[in-house]
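Student: I'd like to go through this model with you before I set anything up. Can we start with what the terms mean and then move on to the details?

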Amino acid sequence: MTKTKVLLVGESWATSATHYKGFDQFGSVTFHLGAEPLVAALRDSPFELTYMPAHEAAQGFPFAAEGLAGYDVILLSDIGANTLLLPPEVWLQGRPVPNRLKLIRDWTERGGGLAMIGGYFSFQGIDGRARWRRTPVEDALPVTCLPYDDRLEVPEGFVAELAPGAAGHPIFRGVPQPLPLLLGANEVVARPGAEVLARLPESEGGHPLLVTGRHGAGRTLAWTSDIGPHWLPQPFVDWEGYGTLWRNMLGWLAGRDA
């Protein structure tokens, strides 16, 4: 059986810290991968995942349609638009290159499955710095971004509310209900004609959590919370439905949900 090929872009970061010990100090740098729960969930599955960390995407993400032709699904997760807009050729050398946000939009229109996953550098993100609003990628998504910091921090946690009939959608097939607690999400606005399958509770504003839609011949999805901690805490990762939910989302995006 041919595997569904998935490209995950983002979900990595480096942290620089300064340690003070009396008169003395020293620095340290650590590197983190945020999508390890998803990588584990897709192991030995019908999905072949290529994980492109954020620092590799500036030059590693394809500059031509041929480079994306081998993928069925693209996941953009916790990576700002600037990483794809400002590769070294542009930022350091002042040379023109193809606009990869337009490349993603056009790839989706031709039949690709595109999803954006929530995070501090997804949608509009912290302090508005993710900067996906009014981009070609936003044109393809089933939601629009706010023009400012869109984080919904819910430290006490919330349980998603499914739309009427959503439990019968292929994305929720075999997924136990209710979903475990989540600790946050990005606030977005569903486009007319998009299908909102799950929301935050009304007490938290009722904002969309899981939205599906179409762009041309392609399928699109927005999951406004995280892949793993912190917004999607460890008990959600350990939950029996975690892997099923993600595999169902990927299957739907690839059009293999029958």
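Tutor: Let me begin with one term: a salt bridge is a side-chain nitrogen of Lys or Arg within 4 Å of a carboxyl oxygen of Asp or Glu. The model is a predicted one, in which local features need pLDDT of at least 70 and side-chain atom pairs count only at pLDDT 80 or more, while totals for chains, interfaces and linings use all residues. Residues are numbered from 1 along each chain as its sequence is written, and side-chain values use heavy atoms, with hydrogens and water left out.

Student: How many salt bridges does that rule give?

Tutor: The count comes to 4 salt bridges. One of them pairs R256 with D72, where the closest N and O atoms are 3.9 Å apart.

Student: Where do R256 and D72 lie?

Tutor: R256 lies in the segment after helix 9 and D72 in the loop between helix 3 (65–68) and strand 5, so the pair ties together parts that are 184 residues apart in sequence. Helices here (H or I, at least four residues) and strands (E, at least two) are DSSP runs, numbered from the N terminus.

Student: Is R256 buried or exposed, and what about D72?

Tutor: Buried means under 20% relative accessible area and exposed over 50%, with partly exposed in between (1.4 Å probe, protein chains only). R256 is partly exposed at 43% relative accessible area, and D72 is also partly exposed, at 24%.

Student: Which residues does the salt-bridge network join?

Tutor: E153 and R151 meet through their side chains in a salt bridge, at 3.4 Å from N to O. Salt bridges that share partners join D149, R151 and E153 into one network. Within that network E153 is partly exposed at 36% relative accessibility, and R151 is partly exposed at 28%.

Student: Switching to the sheet, what is the strand order?

Tutor: It is an open sheet of 8 strands in the order 4-1-5-6-14-13-12-9, with mixed pairing, where two strands pair if DSSP finds at least two bridges between them. The edge strands are strand 4 (47–52) and strand 9 (161–162), each of which pairs on one side only.

Student: And what packs on it?

Tutor: Helix 9 (residues 242–253) packs on the sheet and touches strand 1 (4–10), strand 4, strand 5, strand 6, strand 13 (208–215) and strand 14 (218–223), where contact means heavy atoms within 4.5 Å. The direction of helix 9 makes about 150° with that of strand 14; axes are lines fitted to C-alpha atoms, for helices over the stretch in contact, and angles run from 0 to 180 degrees between N-to-C directions.

Student: Do strand 5 and strand 6 run parallel or antiparallel?

Tutor: Strand 5 (residues 73–77) and strand 6 (residues 113–117) run parallel and are joined by 5 bridges, with V73 standing opposite G113 in strand 6. By contrast, strand 8 (residues 151–158) and strand 10 run antiparallel, with 4 bridges between them, and F158 stands opposite L182 in strand 10.

Student: Back to helix 9: what does W252 touch?

Tutor: W252 has its place in helix 9 and is buried at 6% relative accessibility. Leaving out residues up to four places away in sequence, W252 touches H169, I171, T212, G213, R214, R219, T220, L221 and D257.

Student: Which residues of helix 6 are buried?

Tutor: In helix 6 (residues 100–109) the buried residues are R100, L101, L103, I104, W107 and T108. They cover an arc of only 160° around the axis, which puts them on the same side of helix 6; the arc is that of the directions from the helix axis to the C-beta atoms.

Student: What about the backbone, which peptide bonds are cis?

Tutor: The bond from Q177 to P178 is cis, with omega near -5°, and P178 is found in the loop between strand 9 and strand 10. A cis peptide bond also joins P229 and H230, with omega about 25°, and H230 sits in the loop between strand 14 and helix 8 (234–238).

Student: And where is phi positive in a residue other than glycine?

Tutor: D78 is not a glycine yet has a positive phi of about 55°, and D78 lies in the loop between strand 5 and helix 4 (81–85). D127 likewise has a positive phi, near 55°, and D127 is exposed, with a relative accessible area of 51%.
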